[in-house]
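Here is a friendly walk through one protein model, taken a region at a time. Have the structure open beside you as you read.

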Amino acid sequence: MHNARLTIDPAFTVAPVRRRTFGTFVEHLGRCVYTGIYEPGHPSADEDGFRRDVLELTRELGVTTVRYPGGNFVSGYRWEDGVGPRERRPRRLDLAWHSTETNEVGVEEFMAWCGKAGLEPMMAVNLGTRGVQEALDLLEYCNHHSGTTLSDLRVANGAKEPYGIRMWCLGNEMDGPWQIGHKSAREYGRLAAETARAMRMADPGLELVACGSSSSSMPTFGAWEATVLEETYDLVDFISCHAYYEEKDGDLGGFLACATDMERFIASVVATADHVGARLRSRKKINLSFDEWNVWYLSRFQAAEPPADWPVAPPLLEDHYHLADAVAVGGLLITLLRNSDRVTAACLAQLVNVIAPIMTEPGGRAWKQTTFHPFSQAARHAAGQVLRVEPVSPSYDTAEYGEVPLLHAVATHDERQGTTVFAINRATDRPLALEIDARALGGVRVVEATTLTDPDVYARNTADDPDRITPRPNPDVQHDPLTVLLPPVSWNMIRLA
Ligand SMILES: O=[N+]([O-])c1ccc(O[C@@H]2O[C@@H](CO)[C@H](O)[C@H]2O)cc1
């Protein structure tokens with residue numbers, strides 16, 4: 001058995017828990033929209049064609065914000081295609097995903113779905129094939145009350161009240177050579193600046209996200225952020241970060257340590273943003289929108305052929321997650337929370353079917369993947385302030401990241417909801433006895449301790465066995481000293497009150 005310790009003291013805080021940390025992403029990609037959130041013929045479909053089973057799971061997941069409509073898709077998207085009478089909407093080639101887009105769902109349907117799910121939208125504009133004018137048009141269509149051609153069109157299409165969308169992404173991954181309309185940092189920075197400047201003329205209160213790098217392994221990483229922020233610093237609020245991880249060559253220990261990369265990624269982008277701010281002598285701080293993060297078996301996707309014959313909503317990027325994937329996701333969530341001073345928005349990519357916590361069968365069942373659980377527990381129970389905890393833990397050696405602690409943890413504290421510790425044990429061979437020094441909280445007890453684990457780290461949930469991997473009460477809790485046994489390869493939640 002390994003032993004680790006952490007001390008909880010509500011006097012030492014990082015930042016408030018940001019509700020936007022629990023965002024997700026709905027892209028017109030594969031079956032995320034069609035047969036994901038939307039399937040008119042489905043037995044659970046509501047009057048607007050949205051699957052009630054998916055809506056219910058989305059609520060249970062605890063999602064707060066949702067990014068839309070892409071992703072790579074947005075860089076070739078004409079938003080006007082998706083508004084007005086359905087029978088008049090064009091069918092288009094979606095070059096990003098080699099599919100046919102029917103436009104049955106567009107901004108109107110998406111906003112109606114957000115209303116039903118109780119989510120804040122985060123809208124992306126196309127800066128691949130389009131520019132300032134089209135972004136302004138979409139903004140006017142969405143947010144202007146009425147009395148102009150575009151706002152009256154929205155009203156005529158059934159949405160009397162403006163949508164009031166606050167958060168906007170200025171394009172998507174424009175550093176990626178795969179992106180339609182891919183640009184250099186300077187080209188993109190100028191376009192993002194002019195788009196942001198014009199959007200702010202319409203509404204100075206918007207929160208704008210400039211594209212950062214599509215991963216920290218891009219050759220332009222760092223330089224890209226610096227150049228883009230040189231152009232946009234005073235005009236945007238966020239720089240985006242995207243990161244996907246997968247187990248490579250059977251290196252489970254290295255994979256479970258992937259949050260180490262995310263940690264370094266965040267530190268590098270914060271340093272770069274602050275460096276630009278310092279050179280500009282600005283008092284403003286740019287925050288990070290980690291608006292794509294997840295486990296994604298990208299190498300399998302890259303090895304596969306694109307869909308033949310431009311199908312409508314083909315199954316794409318449908319990763320079936322196992323326990324170890326869920327523990328990796330839990331580790332990434334812990335890192336996002338630990339960096340809540342600068343990471344003030346994040347989106348798990350994506351929500352349904354496409355590298356997603358929720359899976360569906362067309363016409364059939366919906367179920368929770370393993371990765372659903374760390375997200376839903378953190379979204380529900382992380383509250384109040386993120387506490388600065390400094391776990392003391394044995395470490396292990398990884399090929400990719402060097403020495404990494406076996407324990408990765410964070411705690412949050414709220415006067416009413418109490419204190420919650422989220423922790424993963426990365427050890428593959430034995431449990432970790434975690435001693436929690438909670439004396440500063442004064443006489444608290446464990447009110448709930450759960451663990452997500454399984455003797456088979458590659459066990460998955462399926463439609464037939466949807467609860468194979470689900471949080472279960474952790475029986476190994478001792479008081480005085482407060483000690484919880486974390487099983488090997490596990491995600492854990494410990495609630496104190
Ligand atoms: O590292 N890559 O090779 C790589 C390739 C594509 C890629 O796309 C991003 O991930 C897609 C799925 O969420 C989103 O549509 C897009 O923004 C993100 C990363």
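## A starting question

Does Ile 355 count as buried or exposed? With a relative accessibility of 1%, Ile 355 counts as buried, because the cut-off for that word is under 20% relative accessible area. Please keep in mind throughout that this is a predicted model.

Ile 355 is worth a click for its backbone too: its phi is positive, at about 35°, although the residue is not a glycine. You will find Ile 355 in the loop between β12 (343–348) and β13.

## Backbone spots to look at

Most residues other than glycine have a negative phi, and most peptide bonds are trans. With that in mind, here are some further places to visit. Val 489 has a positive phi of about 45° and is not a glycine. Its place is the loop between β24 (483–486) and β25, and Val 489 is buried, with a relative accessible area of 1%.

Next, go to the loop between β4 (65–68) and β5 (92–94), where Pro 69 lies. The peptide bond leading from Tyr 68 to Pro 69 is cis, and its omega is near 0°. Gly 71 is found in the loop between β4 and β5 as well. Gly 70 and Gly 71 are joined by a cis peptide bond, with omega at about 15°.

## Helix α1 and its surroundings

Which residues of α1 are buried? They are Asp 53, Val 54, Leu 55, Leu 57, Thr 58 and Leu 61. An α-helix has 3.6 residues a turn, so residues three or four places apart point the same way. The buried residues of α1 pack against two helices and three strands that you can pick out one by one: α2, α11, β3 (23–25), β13 (358–360) and β14 (366–368). Just after α1 comes Gly 62, which takes a positive phi of about 85°.

## How α1 meets α2

Two packed helices are described by the angle between their axes and the distance between the axes. For α1 (residues 52–61) and α2 (residues 107–117), the axes come within 10 Å and cross at roughly 55°. The two helices are therefore oblique to each other, and their crossing is right-handed.

Which residues make this contact? Leu 55, Thr 58 and Arg 59 contribute from α1, while Trp 113, Lys 116 and Ala 117 contribute from α2. Sorted by class, the contact has three nonpolar, one polar and two charged residues. Leu 55 and Thr 58 thus turn up twice on your tour: they belong to the buried residues of α1 and to the contact with α2.

## The seven-stranded sheet

Now turn to the open sheet of seven strands, whose order is β2-β15-β18-β19-β25-β21-β22 and whose pairing is antiparallel. Its edge strands are β2 (13–16) and β22, each of which pairs on one side only. Further in, β15 (residues 385–387) and β18 (residues 407–414) pair in the antiparallel sense over three bridges. To find the register there, look for Leu 387 opposite Ala 411 in β18.

Strand β21 (residues 446–452) has five of its seven residues buried, so it is largely enclosed by the rest of the structure. Six bridges join β21 to its antiparallel partner β25 (residues 490–496), and in this pair Glu 448 stands opposite Arg 495. Two bridges link β21 to β22 (residues 472–473), again antiparallel, with Thr 451 opposite Arg 472. Helix α11 (residues 372–381) lies across β18, β19 (418–425), β21 and β25, and runs at about 20° to β25.

## The four-stranded sheet

What is the order of strands in the open sheet of four? The order is β1-β20-β24-β23, and the pairing is mixed. At the edges stand β1 (2–7) and β23 (477–478), each with a single partner strand, so one side of each is left without a neighbour in the sheet.

For a parallel pair, go to β1 and β20 (residues 432–437), which are joined by six bridges. A handy landmark is Leu 6, which stands opposite Ile 436 in β20.

Note on methods. Residues numbered from 1 in each chain as written. Predicted model: local features only at pLDDT ≥ 70, side-chain atom pairs only at ≥ 80, totals over all residues. Heavy atoms only, no water. Axes fitted to C-alpha atoms, helices over the stretch in contact; angles between N-to-C directions. Parallel < 35°, antiparallel > 145°, perpendicular 65-115°, else oblique. Left-handed = near helix turned anticlockwise from the far one by under 90°. Contact = heavy atoms within 4.5 Å. Nonpolar A, V, L, I, M, F, W, Y, C, P; charged D, E, K, R; others polar. Buried < 20%, exposed > 50% of the residue type's maximum accessible area, 1.4 Å probe, protein only. Pairing = 2+ DSSP bridges.
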